[in-house]
Amino acid sequence: MMNRLALIVTVLLAILVASPAKGKETKLKPRLVVFTDIAPADVEPDDMESMVRLMAYADCFEIEALITSVGWNCDPYPVEWKAYLTRVIEAYRKDVSRLMRRSGQKGFLPLEQEDTKQKMGYWPSADYLTQRAVMGSVNGGIKAIGENNDSPGSALLIRLADEDDPRPIYVAAWGGANTLAQAIWRVKQTRTADEFRRFVRKFRIYTITDQDMAYNNRMNRAYSSHMWLRQEFADDLQFVWDEGAWQEQCELGKRHWQQHKDNIQGHGVLGGEYPDYKWGVEGDTPSFLYVMPNGLSDPEQPVQAGWAGYHERGISPDSLTTAWNSWQEPVRSISVGYKQRFYPDELNDFMARMQWAAEGRGNKNPQVVVNSQKGLSPILVKAKPGQVVRLDASRSSDPDGDALSFVWWQQPEIGDMRLSIDGANQAKASILIPANAKGKTFHIICEVHDNDPFHLVAYRRVIITI
């Protein structure tokens, strides 16, 4: 009886200490799967860099799977390279107690509870991440799909999609997405058409270029299983093919490399695993920045500009399939422009988190409240032509007591009409809706910075429907 009582008390205490601090965001994290061709630093270091950053944001994503797979530098994927993924997880194990202080977390949920639904602000245990780190497809290309290509990764994807969970599963392909193609192929063999369609519709995918092949074969689009996914499931699988944001991420990282050296490398055990760049810096990072729950953009709506740039649906670089992309002008320049605009805030945010990893203290982001509405979800406003829409962010606050500055701006790609914002640099703003705006929708962003040395940012999107 005493042992049973002790077990109950232990579980209750775990629930108590692992809950986010009072007043914090309590919604569920977005579900995230990563395909990584992680490799030795002398081969390609950018996956290690992106994996370190992902661990610094483990409180923002429900990391459902970390799957090693084929990439430009490895087809087939060397099994021994999975050790580099393990190294980053073990570094996280040593830093997570300090990272947890950022949200006031005192301990971890029991592993069986971590395997269910995680709330925003919860830092998972390294044991949880270890059991989610598995091998995916060793061989690349559409020809590898079939009876001999099942893997622990494809089996895990099937299990995740079959869970009783309405949230979509966002797949970030740092390497090839061959493992997802295999899971889809396997399910197609055993389920009805309706069941199969529901399975496919659980996934959203963001690929960093097309790496389901070796680099010297990269222009042979028909080789890749990605083309098959776009051709066969164009109406059911949201597919973002990044040929713009990731290159800009690389170049901006090189341009700001001294800040990486000063504020990321060597900061905490995670920072000790952050290697020097070879070709570019963190080229894979846009794939999960796209899903970042920071109030700026909704990954269900790729047309909303965010830390991964901007995308429109159109013809793909293969000239045969359609996807969400930004490889052609003028969309490419728009997307690159957003990457350049947001990059200083994105980097400052990462550097601030690495201070937490190293010291267990640091700056926290402001909390934006617009028209008395807290949280991260967009503010929905209905208005009429000629009406003045008033937006009030004066109840926004900073957990560190820092002074706040405000900027209201419009994303002009949505709505096809420029609005004039009165008080664009004040806590309160007003917008006169033009008389000829009937039927249009406008997107206004409230961007708030604190005055800490990192000038951390928070956002809130306001969607005005006329």
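This is a guided tour of a predicted model, with a suggestion at each stop of what to select.

Residues are numbered from 1 along each chain as its sequence is written, and side-chain values use heavy atoms, with hydrogens and water left out. Because the model is predicted, local features need pLDDT of at least 70 and side-chain atom pairs count only at pLDDT 80 or more, whereas totals for chains, interfaces and linings use all residues.

**The open sheet**

Begin by selecting the strands β1 to β8, which form an open sheet in the order β3-β2-β1-β4-β5-β6-β8-β7, with mixed pairing. Strands are DSSP runs of E with at least two residues, and helices are runs of H or I with at least four, numbered from the N terminus. Two strands pair if DSSP finds at least two bridges between them. At the edges are β3 (133–135) and β7 (312–315), each of which pairs on one side only. From one strand to the next, the twist averages 30 degrees. Axes here are lines fitted to C-alpha atoms, for helices over the stretch in contact, and angles run from 0 to 180 degrees between N-to-C directions.

Next, select β5 (residues 203–208) and β6 (residues 238–242), which pair in the parallel sense over 5 bridges. Ile205 stands opposite Phe239 in β6. Then add helix α3 (residues 82–99), which packs on the sheet and touches β2 (62–68) and β3; contact means heavy atoms within 4.5 Å. The direction of α3 makes about 175 degrees with that of β3.

**The nonpolar cores**

In soluble globular proteins, nonpolar side chains tend to be buried together. A nonpolar core is a set of buried Ala, Val, Leu, Ile, Met, Phe, Trp, Tyr and Cys residues joined through side-chain atoms within 4.5 Å. Buried means under 20% relative accessible area, exposed over 50%, and partly exposed in between (1.4 Å probe, protein chains only).

The largest core has 77 residues, and among those that touch the most other members are Met51, Leu54 and Met55. Helix α14 (residues 331–359) gives the most to this core, with 11 residues. Select Met55 and look for its contacts, including Trp123, Leu129 and Leu270. Another core, of 33 residues, lies apart from the largest one and includes Val33, Leu157, Ile205 and Phe233.

**A buried residue in helix α14**

Which residues is Asn348 in contact with, leaving aside its neighbours within four places in sequence? They are Gln259, Phe454 and Leu456. Asn348 lies in helix α14 and counts as buried because its relative accessibility is 14%. The C-alpha atoms of Asn348 and Gln259 are separated by 9.2 Å, although these residues are 89 apart along the chain.

**Cysteines**

A disulfide is a pair of cysteine sulfur atoms within 2.5 Å, and the count here is 0. For Cys250, the nearest cysteine sulfur, that of Cys74, is 16 Å away. Select Cys446 as well: its sulfur is 19 Å from the closest cysteine sulfur, in Cys60, and therefore too far for a bond.

**Backbone details in the loops**

Finish with four loop residues. Pro76, in the loop between β2 and α3, follows a cis peptide bond from Asp75, with omega near 10 degrees. Another cis bond joins Glu329 and Pro330, with omega about 5 degrees.

Glu282 has a positive phi near 55 degrees and is buried, at 1% relative accessible area. His455, in the loop between β14 (441–450) and β15 (457–465), has a positive phi of about 50 degrees and is partly exposed, at 40%.
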